[in-house]
Every structure is written in C-alpha cells, then in structure tokens.
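Visitor: I would like a close look at a single part of this model, followed outward from one residue to what surrounds that residue. Please take your time and keep the steps connected.

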Amino acid sequence: MSIASVSVLTLALYVAGALMVLMMVSGTVLANVENRINVSVYFKPDVSEEQIIKIKSDLESYGEVKSTQYISKEQALADFKKNNANEPVILQSLDEIGGNPLLASLVVRANDPNQYQNITEYIANASFKDDVSRVNYVKNKEIIDRLNSIIGQARKVGLALALISAAVAVLIIFNTIRITIYIHKPEIEVMRLVGASNMFIRLPFLFEGIIYGVLSSLFATILLLITMKFINPYISNTVLSRSLMAFYFSQMFFILGIQLLVGIFLGIFSSWIAMRKYLKI
Amino acid sequence: MKKVEEIENENEVVEEAAGEEEKFPMFKFDHVTKAFKGDAAALSDIDFEIQEGEFVTLIGHSGAGKSTLLKLIYAEETATEGEVYFNGAPLSKIKKRKLPFHRRKIGMVFQDFKLLPKKTAYENVAYALEACGARADEIREDVPQILDIVGLGDKMGKFPHQLSGGEQQKVVLARALIHKPQVIVADEPTGNLDPGNSAEIIDLLLKINKLGTTVILASHDRDIVDRASKRVIVLEKGKIICDDAKSKYRVC
C-alpha cells in the first residue's frame with residue numbers, strides 16, 4: 001500500500017516537475033527564436049546607399065521597431081562567401097557570374113514578435129515601397145506559431161496528467177492511512193484511554209503523509225534527472241542554445257523545492273481527511 | 001463482612017465535608033438517560049452522587065448498563081438527557097481538545113486489559129506517560145515505583161504474554177495509577193481472572209482507595225462485590241434499583 005502511495009505521488013510530482021522544466025525550456029527557446037526573427041527588406045540594385053540610410057532612420061522612428069541594421073551589397077557578398085566557404089561549386093558559380101548579384105538590405109527587429117505583421121504592412125505602403133525588391137518574413141512566423149501551439153498543447157496535457165495523478169495519489173494515500181489507522185486501532189484506543197493529547201495521537205499519521213510526500217519528491221527528482229540525461233543529446237545546443245543538463249541543474253533545487261512543498265501538502269491533506277473520517281479522538 | 005457502623009462513619013465524614021463550604025461531589029449524575037440510536041434506553045433516569053474518596057461498586061447483569069455508565073464517567077459517551085458533573089463541571093461541555101486532560105484524572109481498568117502486546121510491562125506503563133508528554137527522567141523514576149506498588153517490581157521486563165492474567169491486570173492498574181488519578185474506574189477488572197487473582201486485584205483496589213483515590217468498580221460477580229464490602233449500586237435494565245447511599249444500612 002505504501003509502495004502504491006509513493007509511486008503514484010511520485011508520478012504526479014514527476015509530471016509536474018517535467019511540466020515545470022518544459023515551461024522553463026520553452027520560455028527560453030521561444031525567446032531565443034523570437035530574437036532570431038527579423039524582417040529583411042531587400043532593395044532594388046539601383047537604390048543608393050544614402051537613400052537606404054534615409055529609409056533606415058525613417059523605419060527607426062516607427063514605434064514598433066526595436067532596431068535596424070544596414071547590410072550593404074559588399075557585406076552581403078562577404079557573408080554569403082563566408083557561409084558557403086565549404087561549397088566550392090557555389091563559390092565558383094558566383095565567380096562565373098562576375099560582379100555582385102546580391103542586394104543591399106535592412107534587417108528590422110521588432111519589440112514584440114506580433115508586430116512584424118504591422119511592420120511589413122507599413123513597409124508595403126511606405127513612400128519608399130517602389131525601392132523595395134522583396135520583404136523576407138513569413139517563414140519564421142509559421143515556425144513560431146507552430147512551436148507556440150505545440151508547447152501550449154504539451155502544457156495542457158501535462159497539467160491534466162499532473163492533476164489526475166495528484167487526485168489518484170490523494171485517494172491512495174487516504175486509503176493507506178485509513179488502513180494504518182485500522183491496524184493501529186488497539187494502540188490508538190490505549191492512547192486515548194491514558195489521556196494522550198489529540199496531537200500525540202494524530203502526529204504519527206501526519207508524519208506518514210509527510211514521509212510519502214518527501215520520498216515521492218526525491219524519487220520524482222531522480223526520475224527527472226534520468227529523463228533529462230536521456231533527452232539531453234536531442235535538445236542541447238539545437239532546440240536549446242545550451243546544454244539541457246546544465247539548464248536543469250541550475251533549476252533543479254527550485255523544482256525540487258516546489259515538488260517537496262506540493263508533495264508534503266498532498267500527503268498531509270490526504271492523511272488529515274483520513275483521520276477526520278476514521279480516527280476517533 | 002465489614003461492619004455497618006464503618007459504612008455509617010464514612011457517610012458521616014462525607015456529609016461533614018460537604019457541609020463545610022460549597023463542595024461539589026466528585027461525580028453527580030443528574031437524571032441521566034442514555035439512548036443509542038435505534039435501541040431502547042441503555043440507561044434511564046440515573047440519579048446519584050459519588051463523593052471523593054468513596055469506593056463504589058456497581059453490580060448488574062451484563063447489559064444492565066454498567067459499562068455505559070462508566071463510559072459517561074470517562075466521557076467516551078455523553079448523556080442523551082440529563083447531565084453528568086465532575087467536580088461540579090458538566091462533562092458534556094468538555095471540548096474535544098480538553099478531553100485528554102479529563103482522562104488523565106481518571107485511571108481506567110478493563111476486563112480485556114488493553115495492554116500493548118509488543119511492549120514490556122515497564123514500557124506499557126511508561127507509554128501512558130510518554131503519550132502525555134512526560135519528561136524522560138520522570139518516567140524513569142515513576143514507572144518502577146508504581147510497578148513496585150502493584151507488586152510487579154521484579155517483572156518489569158516481561159511482555160504481556162509472559163505474564164499471568166492477574167499480573168497483566170496489575171500492569172493495567174499500574175498504568176492507570178501512573179497519572180496519580182483522582183479516580184480509578186474499573187470495568188469488570190476480574191472478568192478474565194480466576195478467584196485467587198480476582199481477590200488480589202480487589203485487595204489492590206481497596207489499598208488504592210485507602211490511600212485516598214476514589215474507586216468505581218463495576219462487576220456482575222456478587223462475590224467480588226462482597227469482598228470489597230463497600231457501597232453497592234445495583235443496576236437492572238438501565239435503572240438503579242438499589243443504592244446503599246440512599247439508606248442508613250447496607251441493603252443491596
């Protein structure tokens with residue numbers, strides 16, 4: 001019975017802990033991706049540098065814009081060569097074309113990712129719209145929206161799972177303590193008859209609930225650690241810009257603290273209702 | 001048979017004490033009726049008093065209401081009608097939180113001992129002190145002393161199953177006495193014992209009473225009651241049909 005109590009509570013706390021990690025990781029990942037989003041405005045080849053600088057200051061005066069960065073044709077070419085340094089075919093074909101086929105551009109970043117829509121509309125209707133060759137934006141937004149909805153779904157499923165397992169854990173602990181009370185009936189009777197204070201009689205059962213909470217949160221943390229270790233290679237430095245393990249370790253005690261609090265609370269809560277129902281004082 | 005005069009003397013002493021100032025009887029049953037759900041009344045219109053220092057024997061067949069009456073005394077049950085007063089305070093008004101303190105003033109002895117089988121005689125008695133938060137040095141001092149008084153000084157380390165019924169009941173008595181209670185309530189303490197052991201237990205109760213503790217003893221056994229030879233209250237079908245205190249002589 002106590003094994004069942006601890007394992008179900010462990011499951012509940014494990015899911016809750018995983019949920020917390022997911023929320024933290026997704027927060028940083030989203031911030032990361034959002035930082036990388038920008039609108040690249042490419043200008044037609046005949047637009048002069050002075051014109052672009054003017055447009056740049058015009059854009060910067062637009063409230064939603066956080067920053068703009070000018071990338072000249074030469075800079076664009078240099079970047080392109082650098083990025084494709086390992087692709088001799090591409091470099092060769094570039095040489096064959098001769099001259100610089102790339103366009104000058106402005107990289108525009110917004111304060112809030114939701115404002116890119118407004119910014120692109122602004123650019124499309126601006127006085128300089130005829131100078132613009134194309135605006136590159138749409139792709140990133142789709143990725144972010146998908147990421148957001150996946151995280152939202154995972155959050156919902158995780159929360160439901162955590163709540164259901166917590167409810168089951170409360171029921172099982174309640175039942176375990178009910179049985180413990182039943183087993184210790186003679187002892188409780190003696191305690192009452194010698195005038196033991198009510199707290200003295202209740203304390204062992206409260207303690208049992210607390211122990212279930214503590215053990216379960218420790219087990220849940222160990223399980224989380226194993227899980228993190230397992231998925232670490234798939235997430236670190238790709239989805240997350242740093243090591244997942246390092247990230248988890250930095251938050252482990254915070255998460256464990258919350259798990260302890262929740263676990264102990266659930267343990268005490270379950271044993272308290274069991275005592276109210278079955279322990280005659 | 002104890003002398004009739006002795007009983008009279010005791011009653012006189014009690015009356016004198018009551019006359020001094022406003023002194024409450026230790027227990028006062030004020031027209032108490034106790035009914036359990038769906039049953040006929042277990043006790044009806046019980047009206048009597050027990051004075052401090054008295055030795056009262058309750059006699060009646062099983063089911064006459066003896067145990068119910070004792071349960072009212074240690075506040076395990078509360079009266080359906082009427083009220084039980086302890087030193088002037090109504091027992092039905094005791095808060096749950098205060099109930100343990102009431103029980104510490106009462107030492108209880110039962111037919112089935114209610115000893116913890118996995119604890120030694122010493123531990124069983126010490127447990128009663130531990131449960132009330134006594135200090136360790138107090139426990140070390142008091143427990144052997146009390147076991148000596150009941151004559152088990154040399155069997156402190158024995159477990160209940162290693163003791164005879166009479167010895168087990170002595171452990172229970174020691175446990176009941178450890179709080180220095182004002183009253184010992186014994187519900188059929190000799191029910192599981194042979195006559196020799198029974199006599200010993202009754203003698204112990206008499207000794208305890210002589211030292212000043214009130215004793216309330218319930219039994220269905222006439223011999224036990226005769227051996228005690230104290231005030232007798234006869235219960236039948238939940239009613240008191242005879243009480244020595246109501247008469248100048250022992251009539252029950």
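Guide: Leaving aside the neighbours within four places in sequence, Asn209(B) is in contact with Phe55(B) and Val215(B), and since the model is a predicted one, what follows describes computed geometry. Asn209(B) belongs to helix H7 of chain B, which spans residues 195-210. Asn209(B) has 19 other C-beta atoms within 10 Å, and because a residue counts as buried at 20 or more, Asn209(B) is classed as partly exposed. Along the chain, Ile184(B) is 25 residues away from Asn209(B), yet the C-alpha atoms of these two residues are separated by 8.7 Å.

The two contacts of Asn209(B), Phe55(B) and Val215(B), are themselves linked, for Phe55(B) stands opposite Val215(B), which lies in strand S8 of chain B. The strand S3 of chain B, residues 55-59, pairs with S8(B), residues 214-219, in the parallel sense, over five bridges. S3(B) also runs parallel to strand S9 of chain B, residues 231-236, to which four bridges join S3(B); here Val56(B) has Arg231(B) as its bridge partner.

In contrast to the partly exposed Asn209(B), S3(B) is mostly covered, with five of its five residues buried. The cover extends to both faces of S3(B): Phe55(B), Thr57(B) and Ile59(B) are buried on one side, and Val56(B) and Leu58(B) are buried on the other. For the chain as a whole, 40% of the 252 residues of chain B count as buried. Chain B has eight helices and 10 strands, and of its contacts between residues at least 6 apart in sequence, 69% join residues at least 24 apart.

Elsewhere in chain B, a pair of helices can be described in similar detail. Helix H4 of chain B, residues 121-130, and helix H5 of chain B, residues 136-149, pack with their axes 10 Å apart and at an angle of about 130 degrees, and H4(B) and H5(B) are therefore oblique to each other. Their crossing is right-handed. On the side of H4(B), the contact is made by Ala121(B), Tyr122(B), Val125(B), Ala126(B), Leu129(B) and Glu130(B), and on the side of H5(B) by Glu138(B), Ile139(B), Asp142(B), Val143(B), Ile146(B) and Leu147(B). The residues of this contact between H4(B) and H5(B) divide into nine nonpolar and three charged, with no polar ones.

From chain B one can pass to chain A through the contact between the chains, which takes 14 residues from chain B and 13 residues from chain A. On the side of chain B that touches chain A, helix H3 of chain B, residues 99-104, gives the largest share, four residues, and the residues of that side divide into seven nonpolar, one polar and six charged. Across in chain A, helix H7, residues 185-193, has Ile188(A), Val190(A), Met191(A), Arg192(A) and Leu193(A) among its buried residues. What covers the buried residues of H7(A) includes elements of both chains, namely H8 of chain A together with H3 and strand S6 (106-110) of chain B. After H7(A) comes Gly195(A), with a positive phi near 80 degrees.

H8(A), named above as part of that cover, spans residues 198-235, and its axis comes within 7 Å of the axis of helix H9 of chain A, residues 244-278, the two crossing at roughly 155 degrees. H8(A) and H9(A) are therefore roughly antiparallel to each other, and their crossing is right-handed. The residues of the contact of H8(A) with H9(A) divide into 19 nonpolar, 11 polar and three charged.

Chain A also holds an open sheet of four strands, in the order S2-S3-S1-S4 and with antiparallel pairing. Its edges are S2(A), residues 65-71, and S4(A), residues 132-136, each with a single partner strand, so one side of each is left without a neighbour in the sheet. Within the sheet, S2(A) runs antiparallel to S3(A), residues 105-110, to which six bridges join S2(A), and Val65(A) stands opposite Ala110(A) there. Helix H5 of chain A, residues 116-125, lies across S1, S2, S3 and S4 of chain A and runs at about 15 degrees to S1(A).

Terms used: Residues numbered from 1 in each chain as written. Chains lettered and ligands numbered in written order. Predicted model: local features only at pLDDT ≥ 70, side-chain atom pairs only at ≥ 80, totals over all residues. Axes fitted to C-alpha atoms, helices over the stretch in contact; angles between N-to-C directions. Parallel < 35°, antiparallel > 145°, perpendicular 65-115°, else oblique. Left-handed = near helix turned anticlockwise from the far one by under 90°. Nonpolar A, V, L, I, M, F, W, Y, C, P; charged D, E, K, R; others polar. Pairing = 2+ DSSP bridges. Contact = placed C-beta atoms within 7 Å. Buried ≥ 20, exposed ≤ 12 C-beta atoms within 10 Å, placed from the backbone.
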